[in-house]
Structures are given as structure tokens and as C-alpha cells.
Amino acid sequence: MGLGSSDLQSKTRWMQTTVVNETGLRLVFQDTTYQFRTGRFWTAPGNIAANSESTFSLCNKMFGVGVNGTIEYLIAADPASPVTVSINCQNEFFGDIRCSASFLDNDRKATKTVTLTVDGVATNICIVCAPGNEPKVTIFCEKDPPAASADATAT
């Protein structure tokens, strides 16, 4: 167990995050903007095609510290008005396991809903995040909300 482990779940601190893209828009991973306060990628994120999902994972880099990192995706809708999806994952050595997700506007202000043009129609795009070591972030069009679950929260 620990740093020399060959599988993610045997690391001291880890998270495996699934991003579900239920929109008709592509999510482009911003590999120049991710930030780690602590930890590292075990499996790095990548671009996510429309109506698909992808998983990335994080783990501690050294003993005694956990994971705390933020990654971002750009929603490929209107290049003139880019919208950023920001996902923060935390599994510190001390404290709670947390995952939060939001949209960032051009002024980097966080919001849970944005209006984008999808297939020629102005559509509200929403984001929810289910907690835990294996959180699930779902990005969806308001007309098609994801199935409700006991642990799904808008955080």
C-alpha cells in the first residue's frame, strides 16, 4: 500500500472522477490550466465528445499529503463566448472528500447554469456533482435532466 503501489485504489489518497457529457457539444480539456495544490494525475483527462463520458484519476504524490486539484474544460459552442467547466477534486490527508463543479464565465465567476446555442436553439446547460472517492460530474441540457439519485447534489 502507498506510493509504490501499482493500482489506484491502493494509494493512500485517491479519486477517480467520471465526467458525463449529456450535451450535443464537445468538451475540450484545457491542459494548460489544471492546477494541483497537492497530488498528481494517475490517469490524465482528455477531450470529451458530445454525448459521451470520460474518466480521470488523481492520487497523492508523497506520503502524508492528499489530493487537491482543479481541472478545466472549454465547451466547444461559440468561440467568441467560451464557457469553462471547472472541476475541483479534494481528498486531503486530513478533512473530507469533496468534488465540486461549476461553469466559469469570462470574468471567472462561478455559476451552475449557462445558456448556450445547441442545434440552433438557446438551451440552458446545467451541472451536478455526486460526491465520494469516485464522483460523477454530469453536464446536461435542462430539458433532459439526469435521473435523480440519493447522492446527486448541485455543488
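**Figure 1. Aromatic pairs in the predicted model, with a close-up of Phe36 and Phe41**. In this predicted model, the count of aromatic pairs comes to two. One of them joins Phe36 and Phe41, whose ring centres are 4.9 Å apart. The planes of these two rings stand at 80°, and because an angle over 60 degrees counts as edge-to-face, the pair of Phe36 and Phe41 is assigned to that class. The two partners can also be described by their exposure: Phe36 is partly exposed, with a relative accessible area of 27%, whereas Phe41 has a value of 16% and therefore counts as buried, the cut-off being under 20%.

**Figure 2. Asn21 and its surroundings in strand S1**. Asn21 belongs to strand S1, which covers residues 14-22. Is this residue buried or exposed? Its relative accessibility is 1%, so Asn21 counts as buried. The side chain of Asn21 makes a polar contact with the backbone oxygen of Ala49, at 3.1 Å. When residues up to four places away in sequence are left aside, Asn21 touches Arg26, Leu27 and Ile139, and also the run formed by Ile48, Ala49, Ala50, Asn51 and Ser52. Ala49 thus appears in this view both as a residue touched by Asn21 and as the owner of the backbone oxygen that the Asn21 side chain reaches.

**Figure 3. Asn51 in the loop between strands S4 and S5**. Asn51, one of the residues touched by Asn21, is found in the loop that links strand S4 (40-43) with strand S5 (52-59). What is notable about the phi of Asn51? The angle is near 55°, a positive value in a residue other than glycine. Most residues other than glycine have a negative phi. Asn51 has a relative accessible area of 55% and is therefore exposed, whereas Asn21, which it touches, is buried at 1%.

**Figure 4. The whole chain, as a setting for the close-up views**. The chain has twelve strands and zero helices, and its pattern along the sequence is accordingly written as β-β-β-β-β-β-β-β-β-β-β-β. Of the 155 residues in the chain, 43% are buried. Among contacts with a separation of 6 or more, 55% are between residues 24 or more positions apart. The accessible surface of the chain comes to about 8,000 Å², and carbon and sulfur atoms account for 50% of this area.

Key:
Residues numbered from 1 in each chain as written. Predicted model: local features only at pLDDT ≥ 70, side-chain atom pairs only at ≥ 80, totals over all residues. Heavy atoms only, no water. Helix = DSSP H or I, 4+ residues; strand = E, 2+ residues; numbered from the N terminus. Buried < 20%, exposed > 50% of the residue type's maximum accessible area, 1.4 Å probe, protein only. Contact = heavy atoms within 4.5 Å. Areas by Shrake-Rupley, 256 points an atom, 1.4 Å probe, with all protein chains shown as cover. Phe/Tyr/Trp six-rings, centres within 6.5 Å; stacked < 30°, edge-to-face > 60°. Polar contact = N/O pair within 3.5 Å; in protein donor to acceptor, adjacent residues only side chain to side chain.
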